[in-house]
Each structure stands twice: as structure tokens, then as C-alpha cells.
Amino acid sequence: MMILLVLLMLNPCDGLFRSVYRSGLVSTPLQGDTGRPLFLTPYIKAGKIKEGKERSMVSPLPGVSIKSYAGYITVNETYNSNLFFWFFPAQIQPMDAPVVLWLQGGPGGSSMFGLFVENGPYVVTKNLTLNIRDFPWTTTLSMLYIDNPVGTGFSFTDDPQGYATNEDDVARNLYSALIQFFQLFPEYKDNDFYATGESYAGKYVPAIAHYIHTFNPTQEQKINLKGIALGDAYSDPESIIGGYATFLYQIGLLDENQKKYFQKQCDECIKHIKKQNWLKAFEVLDNLLDGDLTSDPSYFQNVTGCVNYYNFLQCTDPEDQVYYGKFLSLPEVRQAIHVGNHTFNDGSEVEKYLREDTVQSVKPWLTEIMNNYKVLIYNGQLDIIVAGPPPERSLMAMDWKGSQKYRKVERKVWKIFKSDLEVAGYVRQVDDFYQVIVRGGGHILPYDQPMRSFDMINRFIFERGWDPYN
């Protein structure tokens with residue numbers, strides 16, 4: 001705990017959710033030596049673990065460099081489907097630190113966004129060099145960033161049948177990647193493992209956690225799953241969609257007539273969800289919020305004048321969230337992380353194959369995980385697309401082992417230090433389940449509130465409680 005306190009005191013204060021994840025991507029032709037992509041599965045199969053690990057070490061990058069590993073893991077040989085990963089051992093006690101998987105949303109958002117914009121060790125500057133982030137999760141946690149599903153970011157497949165069409169496909173490929181990852185890095189296989197992510201990863205994370213939960217008892221190689229953390233999670237679309245109109249009206253982004261129209265469209269979407277008309281439900285929601293299916297702005301964009309629904313204090317995406325895409329197009333960077341000249345995909349193909357999945361719920365899987373593991377569900381106070389109240393209503397309606405306690409437990413104020421004038425957020429805790437609202441943050445929460453996010457994830461994983469430090 002002293003290390004955490006020192007770090008804190010040294011630093012004073014897509015698809016459906018993918019537009020910001022795409023905004024940094026560039027399509028300019030690559031110039032210079034990008035090197036060759038590194039496929040690690042052959043090394044793993046041949047038992048050449050030491051050689052594979054050494055080859056996966058990332059070369060020095062422009063600006064600053066931290067020890068890390070990157071490369072491709074083949075998850076389906078029939079379709080040549082490969083997932084790209086970038087792994088950072090913890091800066092403090094790496095051999096004992098929990099291994100934390102980070103998955104971006106979208107569907108189709110690259111986890112490189114999380115790495116460079118949210119919680120990784122690096123920040124990309126305007127001149128495309130690297131600085132060190134003030135509160136990187138990699139300080140205390142070994143972070144594993146995977147471009148997921150296949151076709152996202154640097155991940156790719158050679159066959160259309162290699163794309164995921166549902167969360168079972170997503171989980172199957174991720175599980176294969178994780179098993180191989182721990183074969184390549186056996187020194188971490190007994191460490192605590194957590195699956196985390198935000199937004200549409202509110203489906204991916206319960207999917208892979210449930211897959212691990214199901215197969216661990218029957219497999220010789222087990223993954224030491226301890227819990228999951230979901231940020232602004234799109235786990236149960238129906239409960240979220242039903243709350244849009246009222247929330248937007250209450251924060252002043254819709255007037256009375258606009259609210260009525262918005263609610264009517266949301267009701268129409270939910271009607272199709274209940275009838276399992278998945279594509280029709282997707283179309284209604286897309287026209288209302290995203291405008292992906294046509295070149296016309298969505299209804300939300302027309303009536304609010306804003307393209308950003310990640311933070312209601314912002315109308316457009318912050319400029320510094322796009323630098324990482326340009327950085328990843330540099331030949332020397334591509335060579336260093338072993339991706340060669342592979343396309344950095346914008347996720348549009350991934351979204352196309354997952355359209356029916358978009359409006360389906362993973363609540364049964366989430367319930368099973370809540371009954372067996374530690375779970376953190378957190379929301380940014382300023383988020384629009386997955387605001388805090390709808391997930392809370394969904395939790396109130398869920399039937400899990402702590403549901404009765406949850407309905408009665410009082411929410412407590414969370415401050416990082418006793419001397420803080422500012423409140424970091426609010427916590428409702430039932431045994432190993434935590435629901436957190438983070439003040440001053442939106443959908444891209446670690447970007448908006450890096451110190452509070454860092455404190456939150458460490459309190460959750462290391463079970464430090466929610467009382468302020470002295």
C-alpha cells in the first residue's frame with residue numbers, strides 16, 4: 001500500500017461505441033521497413049518457448065520505452081485467424097502482480113486505444129513520440145492488451161468465416177489466445193487473472209470469463225480467474241436503451257418533443273429485441289444514435305449538434321485521442337511491435353458480422369460470474385451512451401446471490417485521501433461485488449479521470465477497501 005500511496009502523492013491531481021476508436025486511424029500508404037509479422041503459435045507448438053518469448057520482445061520506441069512483448073497468436077488455423085497482443089509486465093513486483101486482460105469496445109475498437117489513450121504506460125504526443133502516463137495501470141498490474149475480436153486493429157483473418165458472429169465465437173478465440181499466452185509466459189500462469197474492459201467489452205468480458213469458468217474444471221491447463229471489471233458496460237442493451245430518452249432530457253440535451261420521439265424509437269427498438277428481431281432493432285438504434293448505416297447524421301447528432309456521446313460536457317472528440325493511430329502507422333513502430341505491413345483495421349467488418357449480437361444481452365453469463373468471482377461494475381458520471389442509472393436498474397432486477405443485500409445496502413462516499421476536498425465517487429459493495437460511480441468522468445473514464453480510475457482498479461483487485469488514505 002505504501003507504493004500506491006507514494007505514486008498517488010507524486011502525481012497531483014465505437015461500432016455502436018466505436019467512433020472515437022476509429023478517429024485516430026490513418027489510411028496513408030506505409031513507407032519504410034515495417035519488418036515482418038511475428039506469429040508465435042509455431043514456437044509454442046514446437047516447445048520453443050524461450051525463443052518465441054525473446055523474439056516477441058518489443059524493440060525501443062520513439063521517445064521512451066518500457067519492457068514489453070507483442071506479436072500474433074493463431075486462434076483458428078483453418079481460417080488463419082490471428083489475435084494481436086501487447087503485454088506489459090507490471091513495473092512493481094511483476095512476478096507476483098495480477099495479470100489483467102484489457103479489451104476495448106466497439107464492436108471493432110482496438111485495445112491500442114486503451115493502451116495509448118486510457119490506462120497503458122504510454123501517451124502519444126502530437127509529434128508522434130511517447131511520454132509516460134501519470135497513472136498507468138501497468139505500475140501495479142501486468143496488462144495484456146488484445147485486439148479483439150478477430151479483424152479488430154492489427155488482428156486479422158484470411159477468411160470471412162473467421163469473423164465472430166456472436167459472443168461464443170469471441171470467447172472461443174480469446175480462450176485459445178489466453179491458453180497460448182500462458183504457455184509462452186509460464187512464469188505468470190499461476191498469478192491471479194482478471195478480465196477487464198469497457199463499453200462493448202461489457203459483452204466480451206463476461207463471455208470470456210464464463211468460458212473460462214466452464215472449461216477450467218475439465219482442462220489440464222487452467223486460467224487462474226479471480227474476477228472481472230466492467231467499465232460503462234453494454235452488457236444488457238434493453239435496460240440501457242430504455243433509459244436514454246429520460247436521461248438526455250434531464251441533462252438538457254433533448255426538449256419535451258424530442259424526448260417523446262426518442263422514447264418512441266427506443267420503445268420500438270426494445271419491441272424488436274423482445275421479438276428477437278435483432279437486425280431491425282440494430283437499425284432503429286443506429287438511426288437514433290450512430291448513423292453508421294447511412295451517410296446521414298443520426299437523430300442524436302441532428303438535435304444536439306454533437307458527435308460525442310461519451311461525455312456530456314464535450315461535443316467533439318478530444319484531439320489528443322487520435323494521435324495513437326498515426327503513431328501505429330510509423331514503420332519503425334510496426335517493426336518494433338512485430339506487425340509488419342498488416343492493416344490496422346477500423347472495425348467496420350467486425351461490426352458488420354456482429355450486428356445481430358449488438359442488441360443481445362449477456363446478463364445470464366454475468367449473473368453466473370457474479371455468483372462465483374469478484375466483480376466490479378463502474379460508470380462515469382458524465383457518460384451518455386452507457387449512463388450510470390440504467391445499469392443500476394438492471395442490477396436491481398438481477399437475481400444473483402447478493403441481490404437482496406444489494407437492494408438494501410447504502411452507497412458510500414469514496415475519497416482517495418482524507419484531506420481531499422473533492423469526492424472521487426460513490427461505491428455500493430456487497431461482499432465481492434462492487435458498483436462504482438466515478439465523478440467527473442465519462443465513457444472513456446481512465447482518460448477523463450486517470451488518478452481516480454487507477455485508485456479504483458487497485459482498491460478492487462488488491463481488496464484495499466474504500467476508506468480514504470491518511
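1. Let me start with Asp236, whose contacts beyond four places in sequence are Ser361, Lys363 and Ser394. This is a predicted model, so please read each point below as a statement about the model. Asp236 sits in the loop that runs from E8 to helix H8 (237-241). The residue is buried, at 11% relative accessibility. Its side chain also makes a polar contact of 2.9 Å with the side chain of Ser361. If you have the viewer open, Asp236 and Ser361 are a good pair to display together.

2. Next comes helix H16, residues 363-370, where the buried residues are Leu366, Thr367, Ile369 and Met370. How do they lie around the axis of H16? The buried residues fall within an arc of 165° when seen down the axis, so they line one face of the helix. A general point helps here: an α-helix has 3.6 residues a turn, so residues three or four places apart point the same way. Both helices and strands take part in covering the buried residues of H16, among them helix H7 (201-215), helix H17 (389-397), strand E8 (225-231), strand E9 (374-380) and strand E12 (433-438).

3. One residue of H7 deserves a closer look in this setting. His213 belongs to helix H7, and its side chain is joined to that of Glu368 by a polar contact of 3.3 Å. Besides Glu368, His213 touches Ile369, Asn372 and Tyr373, with residues up to four places away in sequence left out. Ile369 is itself one of the buried residues of H16.

4. Strand E2, residues 81-88, is mostly covered, with eight of its eight residues buried. Which residues lie on each of its two sides? Ser81, Leu83, Phe85 and Phe87 are on one side, Asn82, Phe84, Trp86 and Phe88 are on the other, and both faces are covered. The split follows the usual pattern, in which the side chains of a regular strand alternate between the two faces of the sheet.

5. E2 has strand partners that are easy to trace. With strand E1 (residues 69-76), the pairing is antiparallel and spans seven bridges; Thr74 is found opposite Asn82 of E2. Four residues lie between the strands in the hairpin of E1 and E2, and Asn80 there has a positive phi near 50°. E2 is also joined to strand E6 (residues 142-146), again in the antiparallel sense, by four bridges. On that side, Phe85 has Ile146 in E6 as its bridge partner.

6. Two residues of E2 return when we turn to the nonpolar interior. The largest nonpolar core has 147 residues, and the members that touch the most others are Phe85, Trp86, Phe116 and Phe262. Which element gives the most to this core? That is helix H6 (residues 167-184), with 10 residues. As general background, nonpolar side chains in soluble globular proteins tend to be buried together.

7. On the cysteines, the structure holds one disulfide. The bond links Cys306 and Cys315, with an S to S distance of 1.8 Å. The link is left-handed, at -70° about the S-S bond. Its two ends differ in exposure class: Cys306 is buried at 9% relative accessible area, while Cys315 is partly exposed at 33%.

8. What, then, keeps Cys266 out of a bond? The closest cysteine sulfur to that of Cys266 is in Cys269, and at 7.0 Å it is too far for a bond. Cys269 is likewise in no disulfide, its nearest cysteine sulfur being that of Cys266. Cys266 is buried, with a relative accessible area of 1%, and Cys269 is also buried, again at 1%.

9. Finally, have a look at Thr316, in the loop between helix H12 (299-304) and helix H13 (323-327). Is Thr316 buried or exposed? Thr316 is exposed, with 52% relative accessible area. Its C-alpha atom is separated by 6.4 Å from that of Cys306, although the two residues are 10 apart along the chain. Outside the neighbours within four places in sequence, the contacts of Thr316 are with Val307 and Asn308.

Technical notes. Residues numbered from 1 in each chain as written. Predicted model: local features only at pLDDT ≥ 70, side-chain atom pairs only at ≥ 80, totals over all residues. Heavy atoms only, no water. Buried < 20%, exposed > 50% of the residue type's maximum accessible area, 1.4 Å probe, protein only. Arc of directions from axis to C-beta. Contact = heavy atoms within 4.5 Å. Pairing = 2+ DSSP bridges. Disulfide = S-S within 2.5 Å. Core = buried A, V, L, I, M, F, W, Y, C linked by side-chain atoms within 4.5 Å. Polar contact = N/O pair within 3.5 Å; in protein donor to acceptor, adjacent residues only side chain to side chain.
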